[in-house]
Each structure stands twice: as C-alpha cells, then as structure tokens.
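Trainee: I am new to this structure and would like a close look at a single part of it, the salt bridges and the residues that form them. Could you take me through that part slowly, and then place it in the wider chain?

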Amino acid sequence: MKSNGLPVIAQKELRDHFKSKKFLLIFGIFLIITIIGMVSGVAEYNKNLQQYNDRQSVADDDEYNMGFGWGKPSIMTIYLGVSGLIITLGAILGIAMGFDLISKEKETKSLKILLSHPIYRDEVINGKALGGLMALAIALGITFIVTFAILLISGIVPEGDELSKILVYGGAAFLMILSYFALSLFMSTVANDSGKALVYTLVIFVALMSLPMLVNGPVMNMIIGEPPEYPEQAFASSNSAYSIMEVSSSVSSDGEVVYEEPEPDPVWEEYRKKSDEYWQKRQSVSDIISLISPTMNLQTLSYKLLIPDYSKMMSMSFSPVGDDGSEMPETDVFADIFKNIIALFAFPAAFLGLAYVRFMRMDVR
C-alpha cells in the first residue's frame, strides 16, 4: 500500500509557515528593509548615471575609461546595497523556520502520535523539509519580484547579462538561506527541546560568521607559518627593488648618453619570490576555509557578480600587467564563482542528509 503522506505533510508545513507570526514578522522585516535598500540604490544609481552623462558631454569616452569608477554605472550596484541585508536577515529567517520543526513535535509528544498513523517515517522528515523549502522559495521569490518591480517603475531595465547575474545571485541567496534552514533542522533532530536546538544553531552560525577573523588572524599563521622576513640589510637606505650601486653610462655613436639599468639585487629577488609563494598559499587556504561558510560564499559571490570588473580589479591590485607587459585578461565571472555555487549546494545537502539519517534512527518512545 502506497502512502501519500509526503505531499500532505509538505502542504501542512507550508500552510503552517505562512500562518506563523514568527515567519511573517521576520519575512515582513526582510521585505521592507529590502525595499528601502532598493529605493536608496536606485537613487544612488540615477545620481551616478547623471554624473556619467555630464562627463560625456564635456569629454570623450576614452578619456574616462582609463580607470575604474569612470565608466557607465551598472545596474548591479543597486543590488549591492541590499546584499548585506539579505545575507544577515536571510540567515535569521532560515534559522527561525527550522529550529523547532522536530524538537517542538518531541516536546508536545505529537511526533509519536503522528508516526502512529499509516505513513512512513521518511515522509515526515522529507515533508517538513520540503514544506520549509517551498516557503523559503516563495518568500525569496516575492522579494525579488518586488525588486524587479522597483527597477521597472524607476525606468531601469536590466540587459541580458545583468538579468542573468541577478537571477544567479537570487538563486545563490536562496541556497544560503536554505543552508541555515537545513542546519537548524538538523539541530532540531539532535536537541531534546527547541531552546537547545536554537542555541546549538546560533553557536554554529556565529562560528561561521567569525571565519574571516580566524582566516586573517593568528590561526592562519599557525596553519601556513609566518611570512618571510623583509631583508632589511639589503635595503637599509633605499626603497628601490634594485641594489644600491652607481648607475653606469656610455655615449652612443650619435653622441647621446645611454644609461644602463642596474641588475636586481639577488637578496631582494629571493625575498620577492618567497613572499609571492607565501601570499598565494595564504590566499588558497583562505579560499578553502571560506567555502565552509554559506554567508562568506554568498558575500564573495555578491562582490564578483554585483561589482563591475571586481575580479579584474582585484587582479590589478596585485599585478596590473602580465609578465610580458600586457594587460590582465578578462575573467569569466560565472566560471570564477563556480566553486562558491557548488559549496552553496553542498552545505544544505549535507545537513539535510544528516537530519534525515538522524530522524530515521531517532527513538520516539
């Protein structure tokens, strides 16, 4: 006999979420703050666009395309102003929706009654997870529809590339919120009551939010060691990358003086090589650690998607030209964020799987 418990439980959980004052309050705050942020972003975008048009009226485009910040402003910067709100309030919304889904059933003894009906145990946990997932999708969908409406009302129409970036960012934001929902759902199966489930979830949430301080602090030095020491003895009185020596010169056949550039100091060259290797290793370890945190993943992804030429700008801050003197090549934004998207998929999948295994083995007597 086949049970139809999964869709019934999922529909019930979806209705319960949208009837919950807790969910409606957090979602209302989330939506209102997002609207305020979008309105402010649109006003700032229009201001920057007006400044850009004023510059174009007195100068050629090429004069202002030499550096960042002088080109035509991007629509993506409007969403940058609300990205921080989405990260913080979205995580809180996900936690609030999941921390008492199972623990509350255990506290009220209703879980035992529920499992006494002709339904399979896996349908209960899957139905609760599916109901929460649908509620989050609807909430975030409403939010992004409202943001699109604000753009259209303001006369701003995203182009193809911009529209795809907004959709990718919206999907990533949903995965981040789902990550904390899955984490809180797992803790709800582990803890005996909702209070403990909430505390456990918040502890992990704070730990994940604190990863940047751990990554950039003494912990990183413990992992990869201290940076190479600066060779002060080689440059006691000079800031140049060359040894302190007299520049030689010669006279060409046409009478011009030709100066010969000194050879680089071998001590400096060795230090530069070790320093480059150290900071590349440090960046690699930092990127790996950052992939653990959904909030850091979404933050990194939002910078790369919402800030025009962010990847190129970061590359130029370290090496503005290649080894042959040519400009740094353009980077594919979507290829650059692929690892962050995979990490955002892996986190909720892992904790939903753990919640499933824990619930299937849980003693409800």
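Mentor: Before we begin, a word on naming: helices here are DSSP runs of H or I with at least four residues, and they are numbered from the N terminus. Please also keep in mind that this is a predicted model.

With that naming, Glu105 is placed in helix H5, which covers residues 103-107. Glu105 counts as buried because its relative accessible area is 15%, and buried means under 20%. Leaving out residues up to four places away in sequence, Glu105 touches Asp100, Ser110, Leu111 and Lys128. Two of these names, Asp100 and Lys128, will come back as salt-bridge partners.

The side chain of Glu105 meets that of Lys128 in a salt bridge, with 3.0 Å from N to O. Since Glu105 lies in helix H5 and Lys128 in helix H7, this pair ties together parts that are 23 residues apart in sequence. Lys128 is buried as well, with a relative accessible area of 2%.

Lys128 has another partner, for its side chain also meets that of Glu13 in a salt bridge, here at 2.8 Å from N to O. Glu13 belongs to helix H1 (residues 5-19) and Lys128 to helix H7 (residues 121-153), so this pair ties together parts that are 115 residues apart in sequence. Both Glu13 and Lys128 are buried. Taken together, Glu13, Glu105 and Lys128 are linked in a network of salt bridges.

Asp100, which we met as a contact of Glu105, forms a salt bridge with Lys22, the side chains meeting at 3.3 Å from N to O. Asp100 sits in the loop between helix H4 (76-98) and H5, while Lys22 is in helix H2 (residues 21-56), so the pair ties together parts that are 78 residues apart in sequence. The two partners differ in their exposure: Asp100 counts as buried at 15% relative accessibility, whereas Lys22, at 31%, counts as partly exposed. The count of salt bridges comes to six, and the pairs described here are among them.

Another buried glutamate can be set beside these residues. Glu162 is placed in helix H8, which covers residues 160-190, and it is buried with a relative accessible area of 14%. Not counting residues up to four places away in sequence, Glu162 touches Ser74, Ile75 and Met76.

Now for the wider chain, which contains 16 helices and two strands. Of its 365 residues, 40% are buried. Among the contacts in the chain with a separation of 6 or more, 80% are between residues 24 or more positions apart. The accessible surface of the chain comes to about 20700 Å², and 62% of this belongs to carbon and sulfur atoms.

One place to look at on that surface is a nonpolar patch of about 320 Å², made by Val190, Val199, Tyr200 and Val203. Helix H9 (residues 194-209) gives the largest share of the patch, three residues. Tyr200 is found in helix H9, and at 37% relative accessibility it counts as partly exposed.

Helix H9 also packs with helix H13 (residues 294-306), at an angle of about 40° and with the axes 8 Å apart. That angle makes H9 oblique to H13. Where they meet, Phe205, Leu208 and Met209 in H9 are in contact with Pro294, Thr295 and Met296 in H13.

Terms used. Residues are numbered from 1 along each chain as its sequence is written. This is a predicted model: local features need pLDDT of at least 70, side-chain atom pairs count only at pLDDT 80 or more; totals for chains, interfaces and linings use all residues. Side-chain values use heavy atoms; hydrogens and water are left out. Patches are made of residues with over 30% relative accessible area and no salt bridge: like charges are joined within 9 Å, nonpolar side chains (Val, Leu, Ile, Met, Phe, Trp, Tyr) within 5 Å. Accessible areas come from the Shrake-Rupley method with a 1.4 Å probe; for residues, only the protein chains shown count as cover. A salt bridge is a side-chain nitrogen of Lys or Arg within 4 Å of a carboxyl oxygen of Asp or Glu. Buried means under 20% relative accessible area, exposed over 50%, partly exposed in between (1.4 Å probe, protein chains only). Axes are lines fitted to C-alpha atoms, for helices over the stretch in contact, and angles run from 0 to 180 degrees between N-to-C directions. Angles under 35 degrees count as roughly parallel, over 145 as roughly antiparallel, 65 to 115 as roughly perpendicular and the rest as oblique. Contact means heavy atoms within 4.5 Å.
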